[in-house]
Amino acid sequence: CINANTSAIKAMEPLAHAIEALPPDERPNYKMPADSLNAIHYRAVQRIYGEQPGEQGAYVVELLRKNPGVAVPVVLGRLLQKDAEWCVVVGDALCEG
């Protein structure tokens, strides 16, 4: 879980930087390069937002695919927050690197 989350963070950070460099009015039109995110990354996002029916996991994954210019910065922020929470729980030694 932690490794998938870290992988998703590493994959999304360059996307978020590219989006941030765009003028605000162009961000909603941003298209992710092909293969920027893989199934492991999408699964990490779905896990964070909920996997059960009625939860937001599948919806957030769909938003990432359809509107990455808006969704990537928000999802990246949540992944970073969850990563920090997990590091507190499992111990900082496991989160270094």
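**Entry 1: a charge and a ring**

I started with Tyr42 and looked at what lies over its ring. The charged end of R65 sits there, 4.2 Å from the ring's centre. I noted in the margin that this is a predicted model, and that every value in my notebook was computed from it. Next I looked for pairs of aromatic rings, and the count came to 0.

**Entry 2: helix 2, inside and outside**

Y42 belongs to helix 2, so I turned to that helix, which runs over residues 39-49. Which of its residues are buried? I found H41, Y42, A44, V45 and I48. Seen down the helix axis, these buried residues fall within an arc of 155 degrees, so they line one face of helix 2. I then checked the face turned away from that buried side, and there I met the exposed residues A39 and I40.

What covers the buried residues of helix 2? The cover includes helix 1 (2-21), helix 3 (57-66) and helix 4 (68-90).

**Entry 3: the two ends of helix 2**

I looked at how helix 2 begins. N38 caps its N-terminal end, with a side-chain oxygen 2.8 Å from the backbone nitrogen of I40. I had already written down I40 as one of the exposed residues on the outward face. At the other end I looked at the residue just after the helix. That is G50, and it takes a positive phi of about 115 degrees.

**Entry 4: salt bridges**

I reminded myself of a simple idea before searching: side chains of opposite charge can pair when their charged atoms come close. How many salt bridges does the structure hold? I got 4.

One of them joins E51 to R43, and the closest N and O atoms are 2.5 Å apart. I asked myself whether these two residues are buried or exposed. E51 is partly exposed, with a relative accessible area of 35%. R43 also counts as partly exposed, at 37%.

Then I moved to helix 4, where I looked at E85 and K82. Their side chains meet in a salt bridge, at 3.4 Å from N to O. The two residues are 3 apart in helix 4, about one turn of the helix. E85 also forms a salt bridge with R78, where the closest N and O atoms are 3.8 Å apart. Put together, R78, K82 and E85 are linked in a network of salt bridges. I checked accessibility for two members of this network. E85 is partly exposed at 32%, and R78 is partly exposed at 22%.

**Entry 5: N5, tucked away**

My next stop was N5, in helix 1. Is N5 buried or exposed? I found it buried, with a relative accessible area of 1%. Its side chain reaches the backbone oxygen of L79 at 3.3 Å. Leaving aside neighbours within four places in sequence, I listed the contacts of N5 as A44, I48, L79, K82, D83 and W86. Two names from that list were familiar: A44 and I48 are among the buried residues of helix 2. K82 was familiar too, from the network with R78 and E85.

**Entry 6: I2, also in helix 1**

I stayed in helix 1 and looked at I2. I2 counts as partly exposed, at 22% relative accessibility. Not counting residues up to four places away in sequence, I2 touches D83, W86 and V90. D83 and W86 had also turned up among the contacts of N5. I looked up one distance along the way: I2 and L15 are 13 residues apart in sequence, and their C-alpha atoms are 20 Å apart in space.

**Entry 7: R27, in a loop**

Last, I looked for R27. Where does R27 lie? Its place is in the loop between helix 1 and helix 2. R27 counts as partly exposed, at 27% relative accessibility. The side chain of R27 reaches the backbone oxygen of I19 at 3.2 Å. I19 is also one of the residues R27 touches, along with E20, L22, G69 and V70, when residues up to four places away in sequence are not counted. I finished with one more distance. R27 and G54 are 27 residues apart along the chain, and their C-alpha atoms are separated by 29 Å.

Definitions and conventions. Residues numbered from 1 in each chain as written. Predicted model: local features only at pLDDT ≥ 70, side-chain atom pairs only at ≥ 80, totals over all residues. Heavy atoms only, no water. Buried < 20%, exposed > 50% of the residue type's maximum accessible area, 1.4 Å probe, protein only. Helix = DSSP H or I, 4+ residues; strand = E, 2+ residues; numbered from the N terminus. Arc of directions from axis to C-beta. Contact = heavy atoms within 4.5 Å. Polar contact = N/O pair within 3.5 Å; in protein donor to acceptor, adjacent residues only side chain to side chain. Phe/Tyr/Trp six-rings, centres within 6.5 Å; stacked < 30°, edge-to-face > 60°. Lys NZ or Arg CZ within 6 Å of the ring centre and 35° of its normal.
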